[in-house]
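Biologist: Thanks for sitting down with me. Could you walk me through this model, beginning with the ligand site?

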Amino acid sequence: MESLKIDISQVLEFLLYEDIARYQEEIDAHYKALHNRTGKGNQFLGWMNLPSQTSPDLLREIETTASRLREMAEIFVVVGIGGSYMGAKAVIEALSHHFSSMLSKERRQGPLILFAGQNICADYHADLMDILQDKSYAVAVISKSGTTTEPAIAFRLLKQHLEQRYGKAQARQRIVAITDPSSGALRKMAQQEGYQTFDIPPDVGGRFSVLTPVGLLPIAVAGFDIGRLMAGAKEMEELSYRSTQIQDNPISMYAAVRNALYKRGKCIEILVTYHPRLQYLVEWWKQLFGESEGKDFKAIFPVGVSFTTDLHSLGQLIQEGERNLFETVISVAHTRSALPVPLDEEDLDKLNYLAGKDMQTVNKMAEKGTLLAHVAGGVPNLVIQIPTINEYSLGQLFYFFEKACAISGYILGVNPFDQPGVEAYKNNMFALLGKPGYEKLAAQLQARLQA
Ligand code: PA5
């Protein structure tokens with residue numbers, strides 16, 4: 001199986017190799033701290049060995065549950081926010097037919113997967129409830145803490161609807177809860193209501209949890225091969241334990257290069273794809289790096305673009321705007337489909353020079369041409385190459401980015417495994433909504449709003 005590779009040739013106009021190699025010693029120390037569990041946030045390192053240590057029994061149990069849910073439901077609703085939905089969404093979008101909502105369940109080979117509780121928009125959830133009126137459906141409610149407001153509201157709506165539709169006993173069969181093994185309101189509710197449950201290991205944080213039941217159950221319900229996903233991740237796990245050397249280990253190289261660029265004022269990283277099916281992988285990556293590194297008034301700001309679409313919106317800025325950017329391109333060698341540009345005898349659009357060329361070839365030339373243009377315009381480009389988009393390569397990418405994020409966060413000097421800053425908005429929202437205990441803050445906020 002071909003492995004993920006990293007190409008740094010297009011950053012070497014901006015950095016000397018020694019500028020990158022200088023990080024080796026530090027990187028070695030950070031691997032040691034991770035592997036010996038002595039660094040910052042060391043109570044949340046369970047993700048590091050999920051690929052090698054997840055038991056076949058757990059994977060079988062997930063698959064058995066997934067087949068039961070696939071049988072009974074036309075629609076499977078995944079309720080969760082942040083790390084409790086993004087990994088599943090990334091894989092399902094990456095592997096599904098682009099227009100899967102237009103296909104029958106038979107053609108799709110499984111239920112349509114929809115998401116809820118990843119926002120608190122009334123219109124979004126009203127439309128979801130509308131769609132569910134005449135469809136059979138089942139729900140996974142996913143929350144590590146079991147107390148997050150957004151998914152809790154969505155689940156309350158869905159639970160009531162399921163119970164009214166099917167009665168309490170049958171509704172119970174249609175709900176699976178994925179949460180902390182012992183703490184939180186969701187765990188308590190699941191016990192009381194008798195839902196089937198899966199545990200989120202206490203030592204795995206939300207944005208690092210895609211390879212736990214958080215990601216694996218929805219991915220299996222959608223009909224994708226979770227064994228291959230884990231196998232791809234395992235290859236990366238093994239590689240990361242074999243060598244820490246930047247020339248042998250793409251994780252080390254990526255962590256070193258992005259920090260070397262940050263040191264030179266490149267404080268925005270753009271993750272680039274040329275395939276719309278990778279859009280949510282980019283979203284997952286944004287959360288992983290944003291929430292892990294953005295603290296202590298430091299961070300490389302992670303943004304994403306989908307080319308060539310965004311070359312017609314952000315391309316100008318990337319080419320000629322402020323030179324504080326670098327790009328990381330996820331380069332895919334082969335697409336699933338071959339689609340040649342047809343010959344047209346009249347050639348009114350003057351496209352016959354492309355006739356017979358596959359669209360992937362055209363896309364590839366756009367990728368190479370863009371990369372050279374952006375590098376010439378002063379934007380360093382890193383390239384991460386994968387052979388094709390499938391479960392195996394996605395597993396590799398997940399582990400690659402997770403471990404690189406941990407090393408990179410340590411280089412930056414932050415704790416990559418906490419997210420204290422997320423509380424600020426929550427406290428204000430609770431106060432403004434009149435949650436008991438928040439009266440003093442509510443008064444302060446009201447005064448600020450009226451000022
Ligand atoms: O990475 C994280 O920890 C967060 O993004 C969480 O996943 C997110 O806030 C949802 O939390 P929970 O799963 O507790 O509902």
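Modeller: Happy to, and please keep in mind that the model is predicted. The ligand has 13 residues around it, and the closest are Ser84, Ser143, Ser145, Thr148 and Gln287.

Biologist: How many residues of the shell around the ligand are polar?

Modeller: The shell divides into three classes. Of its residues, 1 is nonpolar and 3 are charged. The polar ones number 9.

Biologist: How far is the polar side-chain atom of Ser84 from an oxygen atom of the ligand?

Modeller: A polar contact needs N or O atoms within 3.5 Å. The pair formed by the Ser84 side chain and a ligand oxygen meets that, at 2.6 Å.

Biologist: Which residue has a polar backbone atom 2.8 Å from an oxygen atom of the ligand?

Modeller: Two backbone contacts are worth a look here. Gly206 offers a polar backbone atom 3.5 Å from a ligand oxygen. The one at 2.8 Å belongs to Arg207.

Biologist: What share of the ligand's exposed area does the protein bury?

Modeller: Taken alone, the ligand exposes 380 Å². The space it takes is the largest pocket. The protein buries 88% of that exposed area.

Biologist: How many residues of domain 2 are in contact with domain 1?

Modeller: Domain 1 covers 5-39 + 229-412, and domain 2 covers 47-224. Their C-alpha centres are 29 Å apart. At the contact, domain 1 contributes 31 residues and domain 2 contributes 27.

Notes. Residues numbered from 1 in each chain as written. Predicted model: local features only at pLDDT ≥ 70, side-chain atom pairs only at ≥ 80, totals over all residues. Heavy atoms only, no water. Near = heavy atom within 4 Å. Polar contact = N/O pair within 3.5 Å; in protein donor to acceptor, adjacent residues only side chain to side chain. Areas by Shrake-Rupley, 256 points an atom, 1.4 Å probe, with all protein chains shown as cover. 1 Å grid on protein atoms, 1.4 Å probe; cavity = no way out; pocket = protein on both sides within 12 Å on 5 of 7 lines; lining within 4 Å. Sits in = over half its atoms within 2 Å of the grid points. Nonpolar A, V, L, I, M, F, W, Y, C, P; charged D, E, K, R; others polar. Domains from an automatic or database assignment. Contact = heavy atoms within 4.5 Å.
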